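Open the structure in your viewer and keep the selection panel at hand. The stops below go from the whole chain to single residues.

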Amino acid sequence: MSPTTFQSPLLLETIKIEDGTIYNLPYHQKRCTQSRQALYATIDTLDLETHIIAPPKGLYRCRILYAEKIHAIEYIPYVPKVVSSLKIITSDIDYSYKYANRTILDSLLHSAQGYDDILIEKKGYITDTSIANIAFYDGVQWITPQNPLLKGTMRQKLIDEGFLHTKQIRTEEIAQYKQVALMNAMLGFKIVKNINIHDDRGRDYDY
């Protein structure tokens, strides 16, 4: 059976803007360019910076919908989601491109009612939550899954800087780690305190 895939033709970039400053734009630009080339065989470049009008004050989530061209740009005041519990969900979902259509992710999230978010397991290995890449601290360095659902821009920046290291992480191996962090364009890199990770095998991991 082939992996579950997304059907929406529209792609999405979510970019942090705070007090007029646009964060990590080169990483968003690179992903936008690579995604358009791969999915639409484009040879031009959408210059994101020329389309963004950064609000001068406040913290915003700049949401850019695009395909061959930009379809819409929104500036949404950002309120972080509090995550203190994750449920491990097994799925063969394929989300290697940041599609705007999140129906399948939302369906998986709905199946874990009572938890703040899900942690998706593929073929026995940890990948991502529904909204963030994840990392684990082994006492020496921070490790992030080698094969995430989506190669996030903050994840890539921290790998390039040498702060994050990649490794395949089996679900049962997460008990070996001391801390958990979530990361995405808006969160940055956030160590999460007092978080519980639960799976249907009756295992609980507390950090």
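Start with the whole chain, which is a predicted model. Its radius of gyration is 17 Å, and a compact globule of 207 residues would come out near 17 Å, so the two agree. Turn the C-alpha trace along its principal axes: the spans are about 50 × 40 × 30 Å.

Now colour by secondary structure. Four helices and 14 strands appear in the chain. Show contacts between residues at least 6 apart in sequence; 62% of these join residues at least 24 apart.

Switch to the surface. The accessible area is about 10500 Å², and carbon and sulfur atoms account for 50% of it. Of the 207 residues, 45% are buried. Next, select the charged side chains. There are 24 positive and 24 negative ones, and the centres of the two sets lie 1 Å apart.

**First core**

Go inside. The largest nonpolar core holds 25 residues. Select Ile 15, Leu 48, Ile 52, Ile 64, Tyr 66 and Ile 120, the members that touch the most others. Then show the elements that each give two or more residues to this core: strands β1 (11-18), β3 (59-66) and β6 (117-122), with helices α1 (25-40) and α3 (103-110).

Centre on Ile 52. Which residues is Ile 52 in contact with, leaving aside neighbours within four places in sequence? The list is Ile 15, Ile 17, Ile 22, Leu 25, Cys 62, Ile 64 and Tyr 75.

**Second core**

Move to a second, separate core. This one has 19 residues, including Ile 88, Tyr 177, Val 192 and Ile 197.

Keep Tyr 177 selected and add Tyr 137, a residue of strand β8 (residues 133-137). Leaving aside neighbours within four places in sequence, Tyr 137 is in contact with Tyr 177, Lys 178, Gln 179 and Trp 142. Draw a distance from the C-alpha atom of Tyr 137 to that of Gln 179. It reads 5.0 Å, although the two residues are 42 apart along the chain.

**Helix α4**

Finish at helix α4, residues 153-160. Which of its residues are buried? They are Thr 153, Met 154, Arg 155 and Leu 158. An α-helix has 3.6 residues a turn, so residues three or four places apart point the same way. Step past the end of α4 to Gly 162, where phi is positive, near 85 degrees.

Note on methods:
Residues are numbered from 1 along each chain as its sequence is written. This is a predicted model: local features need pLDDT of at least 70, side-chain atom pairs count only at pLDDT 80 or more; totals for chains, interfaces and linings use all residues. Side-chain values use heavy atoms; hydrogens and water are left out. The radius of gyration is taken over C-alpha atoms; the globule rule is 2.2 Å times the number of residues to the power 0.38. Buried means under 20% relative accessible area, exposed over 50%, partly exposed in between (1.4 Å probe, protein chains only). Contact means heavy atoms within 4.5 Å. Accessible areas come from the Shrake-Rupley method with a 1.4 Å probe; for residues, only the protein chains shown count as cover. Lys and Arg count as positive and Asp and Glu as negative; His and the chain ends are not counted. The place of a charge is taken as NZ of Lys, CZ of Arg, CG of Asp or CD of Glu. A nonpolar core is a set of buried Ala, Val, Leu, Ile, Met, Phe, Trp, Tyr and Cys residues joined through side-chain atoms within 4.5 Å.
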